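Visitor: I should like a close look at a single part of this protein, described residue by residue. Please then set that part against the rest of the chain, so that its setting can be followed in the structure.

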Amino acid sequence: MQEAQQAIERLLQYGLGHRLFDDWDLDYTRNRLLELFGLEEPWITELEEPAGSELREPLDILIDYGYAVGLIPDDSDTYRDLLDARIMGQLMARPSETIAAFKKTAREEGIEAATRNFYALAVDSNYIRMDRVANNIYWNQATPYGEMEITINLSKPEKSPKEIAMAKLLPPPVYPKCQLCRENVGYAGRVNHPARQNLRVIPLELNDEPWLFQYSPYVYYNEHCIVFHHDHVPMKLTRDTFKRLLDFTAEFPHYFIGSNADLPIVGGSILTHDHFQGGRHTFPLEKAPAEAAFRHAAFEGVTVSIVKWPMTVLRLNSHQPDVLLDAADDLYKKWKSYSDPEAEVLAFTEENGQTVPHNTVTPIVRRGADGCYEMDIVLRNNRTNEQYPEGIFHPHREMHHIKKENIGLIEVMGLAILPGRLKEELGRIAEILSGNQGLYEEVLAGREAALAVHTEWIRDLVAAHGHGMSPEEAEALLRNEVGLKFSAILEHAGVFKTTPAGREAFRRFVSAAGYREA
């Protein structure tokens, strides 16, 4: 109990030091924490060592104590996270106060200062778990399309089999409807839904509609934000989508923003709630050069370029957002109905007597140093066939041992988000390449379940490199191999390939859309 009392005082000093609450809120916040943990009085002796900068240790002490006194039923990551958010929520200002502070800073110091402070709040309140994000494995990878970024995501804790079984017994969620809904702010969470007492959001107006702005708890890049509709409405790409993206970059010129596609296979993981992702990061796609530039007589001042990239990207540039909006909407409409059987592109197919659409786009908007608006429109098609039942323009099966999920917005831009399982699997493969022949024989015999998906790849690696590499050489080789596979995965997802025939097909579409080479 005394440890818990001391931890509360250390946590209070942390909150004051990081401006989670004001001096006048100190007694009030202390009393809320005492009530939460069933303590009648605080620690009244001066702390033996300075407090205020360290969060993890006092927070862990309080979570341990919370488990001991029955605040959570199990000492698992999931339940610890539920109590973690509950504790940190006690230290934070009400949502209206956070919104007022954001608007005041934006008005007096500018929007960059406002987002910088709001991001710091998300980190300091432990909503963004930087201790976990730091565990992610990251490297840059040279490819024929420039340097790409590769990450193995370890920041999202896995659920235990017991928790998974419990979650299956729960009824489908009714409230909040999904993890993007505004009702998550302050929500206590449950075993199949994260706690969000330490979440805060900022209201926005995009295209004369109510939207909200927050940061992602699992940041994949600097200031990774989510912009989501005020209401639980499904994703649908229309002219309004492009207008919302342009409106956002008018208000947040230091951020990019993009939308996942709105069809299965090529879309994002959440299609039930309209949302975008943005942030302050220069992605590999942004650095990719243009191969050819085009203009359209109807859209004066707009340049459209074919981008040198494994996926199929058209880049639109203009200082006039209204004209750019018209050009983007026109291209999108023409793409939705465009077919080129020679390139395996069919806009529609007939299935069970219904016409099924297949063409959509992944749009991304950013501002240049001179204020110019730049929009990348990535052409997507979600058709399947007998050879590629998961998707013709989707990671093919020979790549599924590395990644088989949808290629979403972040990966389209050249940042790979690879599954956490790869950390251990690549480590075991490195052992094989650096001398563990017994493990290799176990893999070939089918007795290593975790490496079974990699069997053919391991066989090829051993044939090319043997078992005599040092551990460091094996790790470097595997990172290079994985990085190049990611580049190849993006090629699979490209509608018009980077081959001469593919580029010719790409130009056919640009020409059919009314553009002529500049």
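Guide: A helix is here a DSSP run of H or I covering at least four residues, a strand is a run of E covering at least two, and both are numbered from the N terminus. The model is predicted. In that numbering V133 belongs to helix α7, and V133 is a suitable place to begin. Its relative accessibility is 14%, and V133 therefore counts as buried, the limit being under 20%. Beyond the residues within four places in sequence, the contacts of V133 are with S155 and V219. The first of these partners can also be described by its C-alpha distance: V133 and S155 lie 22 residues apart in sequence, yet their C-alpha atoms are 4.8 Å apart in space.

The loop that follows carries the description further. Helix α7 comprises residues 130-133 and strand β1 residues 137-143, with N136 in the loop between them. N136 has a relative accessible area of 18%, so it too falls under the 20% limit and is buried. The side chain of N136 reaches the backbone nitrogen of L154, at a distance of 2.6 Å. With residues up to four places away in sequence set aside, N136 touches I152, N153, L154 and S155. S155 thus appears among the contacts of N136 and also among those of V133. The part requested can be read as V133 in helix α7, N136 in the loop before β1, and the residues from I152 to S155 that N136 touches.

A second buried site offers a parallel. H275 is found in strand β7, which covers residues 275-279. At 8% relative accessibility, H275 counts as buried. The side chain of H275 reaches a backbone atom, namely the oxygen of H273, at 2.8 Å, while the side chain of N136 reaches a backbone nitrogen. Apart from neighbours within four places in sequence, H275 is in contact with L180, W211, I226, V227, F228, M235, S259 and I270.

Other sites have less cover. Q6 is found in helix α1, residues 2-17, and its relative accessible area of 27% makes Q6 partly exposed. Neighbours within four places aside, Q6 is in contact with W43 and L47. Q6 and G258 are 252 residues apart along the chain, with 45 Å between their C-alpha atoms. R19 lies in the loop between α1 and α2, the latter covering residues 26-36. R19 is exposed, with a relative accessible area of 77%.

The backbone geometry at several places deserves attention. Most residues other than glycine have a negative phi, and most peptide bonds are trans. R19, which is not a glycine, has a positive phi of about 55 degrees. N352 likewise has a positive phi, near 55 degrees, and is not a glycine. N352 lies in the loop between β11 (348-351) and β12 (354-357), and with a relative accessible area of 83% it is exposed. G353 lies in that loop between β11 and β12 as well, and is exposed at 72%. From G353 to I489 the chain runs 136 residues, and their C-alpha atoms are separated by 33 Å. The peptide bond between Y175 and P176 is cis, with omega about -20 degrees. P176 is located in the loop between α8 (161-169) and β3 (202-206).

The whole protein supplies the setting for these sites. Its secondary structure comes to 17 helices and 16 strands. For its 518 residues a compact globule would have a radius of gyration near 24 Å, and the protein has 26 Å, which agrees. The C-alpha trace spans about 80 × 65 × 45 Å along the principal axes. Of the 518 residues, 53% are buried, and V133, N136 and H275 count as buried. Among contacts between residues at least 6 apart in sequence, 65% join residues at least 24 apart. The accessible surface amounts to about 23,700 Å², and carbon and sulfur atoms account for 50% of this. The protein has 54 positive and 77 negative side chains, with 5 Å between the centres of the two sets.

Notes: Residues numbered from 1 in each chain as written. Predicted model: local features only at pLDDT ≥ 70, side-chain atom pairs only at ≥ 80, totals over all residues. Heavy atoms only, no water. Rg over C-alpha atoms; globule rule 2.2 N^0.38 Å. Buried < 20%, exposed > 50% of the residue type's maximum accessible area, 1.4 Å probe, protein only. Contact = heavy atoms within 4.5 Å. Areas by Shrake-Rupley, 256 points an atom, 1.4 Å probe, with all protein chains shown as cover. Lys, Arg positive; Asp, Glu negative; His and termini not counted. Charge placed at Lys NZ, Arg CZ, Asp CG, Glu CD. Polar contact = N/O pair within 3.5 Å; in protein donor to acceptor, adjacent residues only side chain to side chain.
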